[in-house]
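User: Please take a close look at one part of this protein chain and set it in the context of the whole. I should like a connected account rather than a list.

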Amino acid sequence: MATPTEVPTKVPQEPDPFYYDYDTVQTVGMTLATILFLLGILIIVSKKVKCRKADSSPTCKSCKSELPSSAPGGGGV
């Protein structure tokens, strides 16, 4: 028992592990979502651009598919 003249010792409080700074979590989440979205668009566009280049060969080197100009009947674009 503590007498009124004794000062009780204070144990340092540990921070609550389930406390989140929601503003920071929201900012980081939106930043990551934006970066991943733009990266996905960049990947999609870069793959389409490679296959649309006009080559002298009848097949596209990057995707190994036939170009529309090599179709039978002269269906060139």
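Analyst: Over residues 25-45 the chain is 100% helix and 0% strand, and the C-alpha atoms at the two ends of this stretch lie 30 Å apart. These values come from a predicted model. The UniProt record, in an unreviewed entry, lists residues 25-45 as "transmembrane region".

The helix in question is α1, which covers residues 22-52 and has Y22 within it. In the chain as a whole, the secondary structure amounts to one helix and zero strands.

Y22 itself deserves attention. Its relative accessibility is 59%, and because exposed means over 50%, Y22 counts as exposed. Together with F18, Y20 and V25, Y22 forms a nonpolar patch on the surface. The accessible area of these four residues together is about 510 Å².

The wider setting is as follows. Of the 77 residues in the protein chain, 3% count as buried. The chain exposes about 7,600 Å², and 66% of that area is supplied by carbon and sulfur atoms.

Terms used: Residues are numbered from 1 along each chain as its sequence is written. This is a predicted model: local features need pLDDT of at least 70, side-chain atom pairs count only at pLDDT 80 or more; totals for chains, interfaces and linings use all residues. Side-chain values use heavy atoms; hydrogens and water are left out. Helices (H or I, at least four residues) and strands (E, at least two) are DSSP runs, numbered from the N terminus. Buried means under 20% relative accessible area, exposed over 50%, partly exposed in between (1.4 Å probe, protein chains only). Accessible areas come from the Shrake-Rupley method with a 1.4 Å probe; for residues, only the protein chains shown count as cover. UniProt positions are given in the numbering used here, feature names are shortened, and annotations may be inferred rather than shown by experiment. Patches are made of residues with over 30% relative accessible area and no salt bridge: like charges are joined within 9 Å, nonpolar side chains (Val, Leu, Ile, Met, Phe, Trp, Tyr) within 5 Å. A salt bridge is a side-chain nitrogen of Lys or Arg within 4 Å of a carboxyl oxygen of Asp or Glu.
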